[in-house]
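This report describes the predicted model shown below, beginning with its strands and moving on to its domains, its ligands and a few individual residues.

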Amino acid sequence: MSIDSRVFPDEQLPEGSVVDGETVTSPIDETFDFVVIGSGAAGGTAAWTLVQAGYSVAIVEEGPWVKTREFDRRIFPSFKRMFREAGTQALMGNSIIPLLQGRVVGGSTLVNSAIVWRTPDDVLDDWSKNWGLGGAITERDLDPHFAAIEEELKVHAVLDEALGENNRLFVDNSFKGGFVGTRMRRYENACKGAGQCLTGCPNAAKQGMNVSYVPWSLRKGARIFTSVRVDRVAIKNGRAVGVVGSTTATNPKHAKKIPVVVHARRGVFLAASTIQTPNVLRRSGIKNPHLGEHFMAHPGLGLPGIFGQKVDMHFGATQGAETIDFRKSERFKLETISMQPELAAVRIPGVGRELVSRLTTLPHAAIWVAQIRATAQGSIRPGFGGRDMVRYSMAKEDVAAARKAAALIARLFFESGAKEVWPGIHGLPEIIRSMDEVKLIENAPLDSRHYSFIASHLFGAARMAASERDGVVGLDFSTHAAKGLYVVDSSIFPTNLGVNPQHSIMGLARLAATRVAADPLAIAAA
Ligand SMILES: Cc1cc2nc3c(=O)[nH]c(=O)nc-3n(C[C@H](O)[C@H](O)[C@H](O)COP(=O)(O)OP(=O)(O)OC[C@H]3O[C@@H](n4cnc5c(N)ncnc54)[C@H](O)[C@@H]3O)c2cc1C
Ligand code: SF4
């Protein structure tokens with residue numbers, strides 16, 4: 001079947017199920033059982049769970065719905081349309097760390113690499129014993145939810161036909177670095193190894209929320225309001241009763257913002273992500289000393305290695321190989337990543353003619369990255385113009401972990417036959433060509449300004465705790481301050497994980513929505 005004649009899951013949706021804020025001309029005032037704020041990993045999962053339990057559900061999403069057929073592999077137009085602030089957000093502290101988030105139907109799941117990891121047991125034990133969660137969220141509670149999501153979203157290890165050379169080199173050579181590299185497990189159905197996960201999967205193979213739980217929910221009766229930003233949750237007599245917001249009006253033909261009110265008979269699920277959720281809570285009048293505090297991340301950094309033979313990153317699962325062997329001992333996880341040429345090019349050393357001549361080496365480049373389970377904590381506050389201001393400074397021990405990971409990656413590149421490694425660490429040569437020179441990375445300064453970090457795994461800032469004294473959200477997922485206001489994204493996580501967060505977020509959102517849906521009498525009486 002040619003791609004033009006295929007019907008993608010985000011097409012042919014039930015009439016009236018999508019209300020596009022870009023085109024509405026009069027105020028919206030509607031009522032549902034539940035309102036879900038955000039259509040990403042947490043919101044999509046919560047909505048699908050509530051719809052299946054028979055409730056009427058409205059999803060309110062600030063971003064537009066960019067359909068599979070409209071995806072554009074060019075970075076700039078895609079970032080402008082689908083990333084929050086066109087991908088220019090940053091964590092501000094002792095260095096500036098770019099922060100990436102999707103702002104589109106599907107949230108960050110539309111732009112991410114679909115890597116799946118269940119919440120590690122040691123994290124759940126820690127939450128239970130040291131963060132006061134007790135028996136509220138156990139492995140036994142979560143396992144059936146993880147299993148159900150894995151089945152629905154076709155989770156499996158990368159297949160041969162989508163592996164590509166970047167991922168193969170990592171897996172096949174990992175033993176030379178003294179560890180076990182494996183193929184990633186991902187949410188995908190017939191990945192063709194197009195290496196474009198960052199700008200949206202053109203084959204609808206990646207099972208982001210935009211092609212799975214959101215359209216499935218609409219087909220079962222839910223409605224989505226797109227390009228509508230929730231300003232605040234309405235709270236009456238200590239209970240969440242709906243949301244108040246407006247259309248985002250980026251279309252010059254409809255430049256006026258239109259007010260939107262969506263009433264919730266039974267409750268509001270807040271799933272706007274770790275960065276936006278704390279400020280939505282603030283604007284809704286929620287007060288708590290922990291609100292906006294204890295923000296955590298897994299800052300990542302990547303190194304290109306240049307091989308004699310072609311690697312051709314444009315073919316292969318965008319991220320397809322990894323190891324967690326260093327997660328506990330060194331606090332980092334290693335992964336492969338493929339980048340479109342415009343992005344990979346920012347790491348090319350040199351300027352002018354030198355830079356242009358090196359562009360020809362890109363087909364020979366592989367990129368391997370480290371995600372650091374950082375100890376640092378930051379804060380989230382309202383910024384200018386409705387933006388979110390994130391303050392975050394890397395701790396010295398986190399930079400030390402990153403430096404160790406960078407040296408390990410460089411060594412593995414040379415063991416695997418690479419001719420050059422581009423460390424991207426300020427003060428070091430732009431190119432190193434031998435194992436001996438890896439010592440330069442091992443001795444690089446422990447100053448985060450010297451490294452090129454990027455953040456996309458985000459946690460905390462509205463953490464869960466049994467008592468209001470210790471956290472913002474209770475063990476029933478509802479805020480302590482207002483009942484029926486359920487927070488289900490990773491802002492409630494007491495710590496970061498050391499593995500990719502999407503599956504933990506979805507597992508917890510499904511658990512929360514299942515518990516709330518199963519106890520409607522308690523909801524009505526509360
Ligand atoms: C480039 C990239 C690659 C990644 N790769 C992986 C990976 O492979 N595996 C993995 O596990 N994790 C990955 N992650 C992280 C993962 O995608 C996120 O942790 C996860 O999607 C977060 O889920 P969420 O629902 O909290 O937020 P999101 O998925 O970001 O969704 C939040 C949604 O809420 C909307 N919203 C925010 N505020 C409002 C408001 N006021 N009103 C209405 N709507 C609002 C946003 O527009 C957004 O669409 C990656 C992230 C990025 C950016
Ligand atoms: S690698 Fe390509 S085909 Fe596979 S999920 Fe990503 S964008 Fe889709």
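Two strands are said to pair if DSSP finds at least two bridges between them, and the elements themselves are DSSP runs numbered from the N terminus, with helices (H or I) of at least four residues and strands (E) of at least two. The model is predicted, and for that reason local features need pLDDT of at least 70 and side-chain atom pairs count only at pLDDT 80 or more, while totals for chains, interfaces and linings use all residues. Residues are numbered from 1 along each chain as its sequence is written, and chains are lettered from A and ligands numbered from 1 in the order in which they are written.

**Strand pairing**

Six strands form an open sheet in the order S7-S15-S16-S17-S14-S20, with antiparallel pairing. Strand S7 (182-183) and strand S20 (420-421) stand at its edges and have a single partner strand each, so one side of each is left without a neighbour in the sheet. Within this sheet, S17 pairs in the antiparallel sense with strand S14 (residues 300-306) over seven bridges, and also with strand S16 (residues 332-336), in the antiparallel sense, over five bridges. At the S7 edge, two bridges join S7 to strand S15 (residues 321-323), and these two strands run antiparallel.

Elsewhere, strand S2 (residues 28-37) and strand S12 (residues 259-270) pair in the parallel sense over nine bridges, whereas four bridges join S2 to strand S3 (residues 57-60), again with the strands running parallel. From S2 the chain crosses through helix H1 (residues 41-52) to S3, and this β-α-β crossover is right-handed, a term that applies if, with the strands pointing away from the viewer, the path from the first strand over the helix to the second runs clockwise. The table gives one residue pair for each of these strand pairings.

| Strands | Residue and bridge partner |
|---|---|
| S2 and S12 | Phe32 opposite Ala264 |
| S2 and S3 | Ile37 opposite Val60 |
| S14 and S17 | Leu303 opposite Trp368 |
| S16 and S17 | Leu334 opposite Ala370 |
| S7 and S15 | Thr182 opposite Glu322 |

**The enclosed strand S17**

How many residues of strand S17 (residues 365-372) are buried? A residue is buried if 20 or more other C-beta atoms lie within 10 Å of its own, exposed if 12 or fewer, and partly exposed in between, with C-beta atoms placed from the backbone. By this criterion eight of the eight residues of S17 are buried, so the strand is largely enclosed by the rest of the structure. In a regular strand the side chains alternate between the two faces of the sheet. Here Ala365, Ile367, Val369 and Gln371 point one way from S17, while Ala366, Trp368, Ala370 and Ile372 point the other way, and all are buried.

**Domains**

The protein chain is divided into domain 1 (18-153 + 207-293 + 459-525) and domain 2 (157-197 + 300-373 + 395-450), with bounds that come from an automatic or database domain assignment. The centres of the two domains, taken over C-alpha atoms, are separated by 32 Å. Across their boundary, 14 residues of domain 1 are in contact with 20 residues of domain 2, contact being defined by C-beta atoms, placed from the backbone, that lie within 7 Å. The side of domain 1 that touches domain 2 consists of six nonpolar, seven polar and one charged residue, where Ala, Val, Leu, Ile, Met, Phe, Trp, Tyr, Cys and Pro count as nonpolar, Asp, Glu, Lys and Arg as charged, and the others, Gly among them, as polar.

**Ligand surroundings**

A residue is taken as near a molecule if its C-beta atom, placed from the backbone, lies within 6 Å of it. Of the 42 residues around ligand 1, Gly38, Gly40, Gly107, Asn500 and Gln502 come nearest, and H1, strand S10 (228-236) and helix H12 (502-518) each supply at least two residues of this shell. The shell around ligand 1 divides into 16 nonpolar, 21 polar and five charged residues. Ligand 2 is surrounded by 15 residues, of which Cys191, Ala194, Cys197, Cys201 and Lys206 are the closest, and its shell divides into seven nonpolar, five polar and three charged residues.

**Individual loop residues**

Most residues other than glycine have a negative phi. Glu85, although not a glycine, has a positive phi of about 50°; Glu85 is placed in the loop between helix H2 (75-82) and strand S4 (90-92) and is partly exposed, with 14 other C-beta atoms within 10 Å. Phe477 likewise has a positive phi, near 75°, and lies in the loop between strand S21 (458-459) and strand S22 (485-487), where Phe477 counts as buried with 25 C-beta neighbours inside 10 Å.

Definitions and conventions
Contact = placed C-beta atoms within 7 Å.
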